[in-house]
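Here is my note on the model you sent. The points start at the ligand and then move to the sheets and the backbone.

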Amino acid sequence: MKLTDDEKAMLDGRRGKAHQKAMELLVRYGEALHAERFVDTNNVAGVPGTSNMFLEKYYTQPGDRYDVIYSLFDLDSDEIIEVPRITVNSCHLQGGVDPEQWQTLGAKPEQLRISQAGETSAASLGIKILKTCTPYLAGNVPKQGEHCACMESSAVVYCNSVLGARTNTEGRESTSAAMLTGKIPDFGLHRDEGRLGTHHVVVETAVESVMDWGLLGYYLGEIVQEEVPVLRGIKHQPSLIKLKHFGAAAASSGGVEMYHIPGVTPEAHDEAEAFGGHKIEGSLRFGAAERRIAYDNLNCATSRDIDFVMLGCPHNSIDQVWLIASMLEGKRISPNTQLWVHTPRAIRQVADRNGYTKMIADAGGVVMSDTCPAISRHLPKGVRTVATDSAKQAHYLPAITGVEAWFGSVKDCVEAALTGRWNGGI
Ligand code: F3S
């Protein structure tokens, strides 16, 4: 790779051991990608130095626990270095434990202790503890053209497509190294040519609700995989929430990191601009039949008895929490069902202040922050059948935890929580 003087200084160790180890890792990574240079980044989102019970048992070397994990695991270093204060604007994405509802979540005291110790260390180094997969809902909103390094796939597709910022889906190692150096390899979505459309998607059926957007994303993600779809036929300006669910679904069934909706997303005013002269590699349509296929692929459950309802993947915005609280007001969920509503920690505080957390609690539900069942691997005990308004969660939970899942609208899911039965459908 062609390095600047600043990058050479880090690699030579003139900026200290931590920067040297981070640059060594980034150069190896960049060379593997055939990147020719780095771009500067001042917006990094990852899980730096985060530990868990497995890592605690695996890395038993003496020394400060945070330095040990950051050095040996994050930076793949063969020696333990002291992690210095982070000068690059950096935030911590979702974790595995809700510090308030950890017992309801089913976490062990030791898991809470490890999580909180890591959080204290990260915060002391200047890393913002957002603890969410939707950092753009909690104050981290990169601007158009800004180079970022983000690890969470649903946030990556949102940042690239909706905000026009530039990031690939990074890993823990590259984000932890970028937090120290402010550098990330210049490839893929950092480059103009990597952002051009490849597939044409003609939407021939009404796509209006959050659920519709989830189905559209789930369908096209499976077909285009990691390519860049360009959508035609969207007849309204979708909200942040719809685009959040759309991108997360497309990044789950496939690996979509970028899409264009001319007239909606910022980098393409029309289809010619979206494709930029790029050869169209594939065309697909999304009509009633395709919508049905996506719905059937997501809804594989056999029992309509619902033990558990999960709302908030990607983490809910405050208006989503308000909507759920309003639907539950004055009602009580079924004694056979549990309801978890997931949101960023900062938004739970707003929900607390506005009385939404209490409205949900009065109905028998719980507002959780920091994590979700797919990440924490915690579900209420004995759960067999889950209902969720998230295509992403319906995709992952059966594979990760062995439960069955129903996917539907937030109304279908709240109804399932109240009755203990699934009556959703399309
Ligand atoms: Fe977030 Fe968990 Fe979904 S961390 S994107 S709620 S899988």
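1. Ligand shell. This is a predicted model. Twelve names matter here: the ligand is surrounded by Q94, C133, E152, S154, G312, C313, P314, H315, C372, I375, K392 and Q393. Contact here means a heavy atom within 4 Å.

2. Pocket and composition. Where does the ligand sit? It occupies the largest pocket. By class, its shell holds 5 nonpolar, 5 polar and 2 charged residues. E152 and K392 are both part of that shell.

3. Domains at the site. Which domains each supply at least three residues to the shell around the ligand? They are domain 1 (5-192) and domain 3 (299-419). Please keep both in view when you set up the site.

4. Cis peptide in the shell. C313 and P314 are joined by a cis peptide bond, with omega at about -10°. Most peptide bonds are trans. P314 lies in the loop between β10 (308-311) and α13 (318-328). Both C313 and P314 belong to the ligand shell, as do G312 and H315.

5. Five-stranded sheet. Strand β10 also has a place in an open sheet of 5 strands. The order is β12-β11-β10-β13-β14, and the pairing is parallel. At the edges stand β12 (366-369) and β14 (404-407), each pairing on one side only. Neighbouring strands of this sheet are turned by 25° against each other on average, direction ignored.

6. Inside that sheet. How many bridges join β10 to β11? There are 4, and β10 runs parallel to β11 (residues 338-343). One facing pair is L311 and V341, the latter in β11.

7. Three-stranded sheet. A further open sheet is formed by 3 strands in the order β8-β7-β9, again with parallel pairing. Why do β8 (229-232) and β9 (282-286) each have one side without a neighbour in the sheet? Both stand at the edges with a single partner strand, so one side of each is left free of a neighbour there. The average turn between neighbouring strands in this sheet is 20°, direction ignored.

8. Inside the smaller set. β7 (residues 199-203) pairs with β9 in the parallel sense, over 5 bridges. H199 stands opposite G282 in β9.

9. One backbone angle to check. H34 has a phi near 60°, a positive value in a residue other than glycine. Most residues other than glycine have a negative phi. H34 is found in the loop between α2 (17-32) and β1 (38-40).

Note on methods
Residues numbered from 1 in each chain as written. Predicted model: local features only at pLDDT ≥ 70, side-chain atom pairs only at ≥ 80, totals over all residues. Heavy atoms only, no water. 1 Å grid on protein atoms, 1.4 Å probe; cavity = no way out; pocket = protein on both sides within 12 Å on 5 of 7 lines; lining within 4 Å. Sits in = over half its atoms within 2 Å of the grid points. Nonpolar A, V, L, I, M, F, W, Y, C, P; charged D, E, K, R; others polar. Domains from an automatic or database assignment. Pairing = 2+ DSSP bridges. Helix = DSSP H or I, 4+ residues; strand = E, 2+ residues; numbered from the N terminus. Axes fitted to C-alpha atoms, helices over the stretch in contact; angles between N-to-C directions.
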